[in-house]
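User: Can you walk me through how the two chains in this one sit together?
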Protein chains: 2
Amino acid sequence: MAGSDPLPSWNEGSTKQSILDFVGGVTTAGGPHLVKPEERIAVFDNDGTLWSEQPFYFQFAFVLDRMKAMAPQHPEWKDNPLFAAVLNNDLKTVAAGGIKGLLELATVTHAGMTTDEFSKIVEDWIASAKHPKFNRPYTDVIFQPMLELLVYLRANGFKTFIVSGGGIEFMRVFAEKVYGIPPEQVIGSSIVTKFEMVDGVPVLTRLPQLNFMDDNVGKPVGINMHIGRRPIAAFGNSDGDLQMLQWTAGCAGSSLALLVRHTDSVREFAYDTGMMGKLEVALTEAAAKGWTVVDMKNDWNRVFAFEA
Amino acid sequence: MAGSDPLPSWNEGSTKQSILDFVGGVTTAGGPHLVKPEERIAVFDNDGTLWSEQPFYFQFAFVLDRMKAMAPQHPEWKDNPLFAAVLNNDLKTVAAGGIKGLLELATVTHAGMTTDEFSKIVEDWIASAKHPKFNRPYTDVIFQPMLELLVYLRANGFKTFIVSGGGIEFMRVFAEKVYGIPPEQVIGSSIVTKFEMVDGVPVLTRLPQLNFMDDNVGKPVGINMHIGRRPIAAFGNSDGDLQMLQWTAGCAGSSLALLVRHTDSVREFAYDTGMMGKLEVALTEAAAKGWTVVDMKNDWNRVFAFEA
């Protein structure tokens, strides 16, 4: 309604104002910064931007749970140091395996079934798994201020997309229900799928082979591939989002590039560098370019909807 | 308006009726075939389905024109038999090079510039090139009945996508203006792009390397990658569309799988097998599965908007 605050979980101040000013500018008819509705593209990182990413990426929790569920059918996993580390909750060894190790684990748990089967597995997991700190479904651990931002942008003619290093088919299972973002507006990393007729029934089978890594320099590439337009607003929280923010900030007209900085150890977590991902180069660039940086502790009066 | 014909260029008969019945079914509230609006996904092949593909794919005409425009800077092309054939209008030799030869030509003309530069090149070409038979811009040589179908589907809550073997960044230049299909709903073949900062400016550079072939078994894969939902309506005209039609027809509820058959040598062209692409296996499958087959000559009272 007129006069009501579209971003009630955001405290008044320069951060909130930079969002309101940007949206006001690109939507003011006859103004110097007006952008046509079809060109109002906003892209959001997911992990650490729309929902938490601590103590580790939620999709990694899915991988761990899947490995444990599948282990009885794979006695040979005991002899693989990486797989054994997962089964023994030795996350230090798992982390030491780096991105190569994580991809190996992802492959084992994400391939070897049809796309429909995989969606069902994720759906069941999402419905039952709980976040270790908050003891709630992972889909509750989403940032209320960012949800308000998604709604506010859409109300102003924006099309909102997720552009995440996370798995595209993992996120699509819940993105529409949780964020109001339909599958066709979710961009992420993927493995190769293969079309085949099995007993006269067409299926897409997921193969143990990386197709696309939607992170760092991959993000502008993924944006161009899926959207084919340059965003005018981008939201991230780590160095993996740097190139997406550069690509967006480099558009011809008015733009908004925003970083969420995790500064609240009580309500969420306080870190720049976590177990996975860090905020370092992008923070330096934000300061140099005048990008908006959210200080979670001070800029958000509410972090999660479930707070008292 | 109520009572008006949404498909005036379609003659009354079983073909038109199959479309009306399908759309009526999936949009009838409380009916047994109702499909939620967000799941009303319709996918259209482009070449031969939305616009003509004779005497050869329009994008191939672009390739030929580009090669000729670039030739003065490439005296060495004279010594390459395939390239020399293009410059000498020896299309028989070019065709004999098969898909491998076509990809080589596409690479030479489609890579080595930024995405923005490529779009500008296509835009300029589209604005000036003429179809050899109709002596009109290629974007005039689109099927009026299919345009009406796009509008009719969208008016009934469908989201319409292009799923073509053609180049994704080629089609995006004109798809919104000509078909009302925005860039983010265009799926096609692609080459690899690379993000880089050039003198502080972020660019996406097009590399001479195939990224994805959106044809045959690639079409369901591309649909899953970009849309993440299974279509309930698919429109094609050749064997390259077979798997897309199978994937669509295999969905859980009501579906429409349709082939456009080119039977009108006067108003357009009459062929099942052209210089590029053929309609053979898909036609057999259509008969076996009861898919809708458009007989252009008899089902369409108008082919192009520019007809008298």
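Analyst: What follows is about the interface between the chains, and the model is a predicted one.

User: How many residues does each chain put into the contact?
Analyst: Chain B gives 35 residues and chain A gives 35 residues.

User: And what area is buried between chain B and chain A?
Analyst: About 2900 Å² is buried there, with carbon and sulfur atoms giving 54% of that area. On the chain B side, B:E184, B:F195 and B:M225 supply 23% of what chain B buries against chain A, more than any other three residues.

User: What about charges, how many salt bridges are there across the interface?
Analyst: The rule finds 6 salt bridges between chain B and chain A. One of the salt bridges joins B:R229 to A:E184, where the closest N and O atoms are 3.5 Å apart. There are also 14 residue pairs in polar contact between chain B and chain A.

User: Which element gives the largest share of chain B's side?
Analyst: Helix 10 of chain B, with 5 residues. By class, the side of chain B that touches chain A has 15 nonpolar, 11 polar and 9 charged residues.

User: Switching topic: what rotation superposes chain B on chain A?
Analyst: A rotation of 180 degrees, with 0.0 Å of shift along the axis and an RMSD of 0.0 Å. That is the relation of a two-fold axis.

User: Which C-alpha in chain B is nearest the axis?
Analyst: The C-alpha of B:H226, which lies 3.2 Å from the axis.

User: Why say the copies meet through the same surface?
Analyst: Because 100% of the interface residues of chain B are also interface residues in chain A.

Methods. Residues numbered from 1 in each chain as written. Chains lettered and ligands numbered in written order. Predicted model: local features only at pLDDT ≥ 70, side-chain atom pairs only at ≥ 80, totals over all residues. Heavy atoms only, no water. Contact = heavy atoms within 4.5 Å. Buried area = accessible area lost by both parts, 1.4 Å probe. Salt bridge = Lys/Arg side-chain N within 4 Å of Asp/Glu carboxyl O. Polar contact = N/O pair within 3.5 Å; in protein donor to acceptor, adjacent residues only side chain to side chain. Helix = DSSP H or I, 4+ residues; strand = E, 2+ residues; numbered from the N terminus. Nonpolar A, V, L, I, M, F, W, Y, C, P; charged D, E, K, R; others polar. Least-squares fit on C-alpha atoms with pLDDT ≥ 70 in both.
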